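Me: Could you take a close look at the backbone for me, just the spots where the peptide geometry does something odd? I'd like to know where they sit too.

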Amino acid sequence: MERLHIFSPATVANVSCGFDAMGFALQQLGDEMTFQKTSDKGEVVITKIEGAKLPFETERNAAGFVAQKMLEDAKADFGLEIEIIKKYKPGSGLGSSAASSAGSAYAVNQFLDGKFSQLELVKYGMLGEEVACGAQIADNVSAALYGGFVLIRSYDPLEIVSIPTPEDLFVTVLHPQIELKTEDGRNVLPKKVPLKDAVKQWSNVGGLISGLYTSDYELIGRSLEDIIVEPARKLFIPHFDAVKEAAVASGAVGAGISGSGPSIFALSKGKEQAQKTAHFMDEVYKGKGIEYNIYVSSIGNQGTRII
Ligand code: HSE
């Protein structure tokens, strides 16, 4: 194989209660990347980046770093050129760096004839996350690679569990066009959590997982509650409470911050409802002087793939 064209999806991490431990993939929004094999042993060159201002230096580019490390570890006798087409902006809370990192890990593994397991690909993707946002977080990367909903049951040793997705579950995302760096979003988090808050949070994670397994939309909705991270982060997101209230008023099962923000996600039963929710969310942002995009998507069950 000489050339590979792939798609790597945008992802919603945390899903309210599951900070750093849960995520899911979107269906169509994401990165498109092209990989071209070269004869320059172990050398990775980023030849094109469209749709975002990101570093071209391999070491500073999440996708480049991941590819370089994998070729090195595999002692590959070839190099790669990478083109990255980003369909949404970095700093969105939709796992932009993770889409690139996961895409790179997935594609390089194809050139290496599937040498690495899916879990190993997540670990490589996490190295890309460290380059982009200073921490080895698995939620966006694993959701992008696995597709559907994932639970990071453990970071050490890394264990990812795929969670079934109710057939009719849709997501509406409002993405204000302001950049929030994940690193900054992590710096405002509480260092200590009162036990009673922790109990509430892990009960909600259990509720969310259970609701996803049993397609209990009301249970999913009740469990989309984050009393630890959301209160600290929502202050950076203009009109967050109003958008969340509008989403719920429209009939969505629940809403919250997507990843570290500023995007706001809402889950709904059925596409029609998700579109109605989009309309309600739109009403809040309309005319406020902030550019924004709204997406309605089914849950992307396939994850990173060849196109
Ligand atoms: N779980 C991470 C966070 C996701 O919320 O900081 C980063 O996109």
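Reply: Here's a walk through the cis bonds and then the positive phi values. Bear in mind that this is a predicted model, so everything below is computed from it.

Let's take the cis peptide bonds to begin with. One runs from D156 to P157, with omega near 5°. P157 itself is in the loop that links β5 (149–155) to β6 (158–163). Another cis bond goes from G261 to P262, and its omega is near 10°. P262 also belongs to a loop, this one between β8 (254–257) and β9 (264–269).

Now for phi. N14 isn't a glycine, yet its phi is positive, near 80°. You'll find N14 in the loop between β1 (3–13) and β2 (22–38). Is that residue buried or exposed? N14 has a relative accessible area of 6%, and since the cut-off for buried is under 20%, N14 counts as buried.

S215 is another non-glycine with a positive phi, about 55°. For this one, look at the helices: S215 is in the loop between α6 (195–214) and α7 (217–223). Its relative accessible area is 36%. Buried stops under 20% and exposed starts over 50%, so S215 lands in between and is partly exposed.

If you're clicking through the structure, go to the D156 to P157 bond and the G261 to P262 bond for the cis geometry, then to N14 and S215 for the positive phi values.

Technical notes
Residues are numbered from 1 along each chain as its sequence is written. This is a predicted model: local features need pLDDT of at least 70, side-chain atom pairs count only at pLDDT 80 or more; totals for chains, interfaces and linings use all residues. Side-chain values use heavy atoms; hydrogens and water are left out. Helices (H or I, at least four residues) and strands (E, at least two) are DSSP runs, numbered from the N terminus. Buried means under 20% relative accessible area, exposed over 50%, partly exposed in between (1.4 Å probe, protein chains only).
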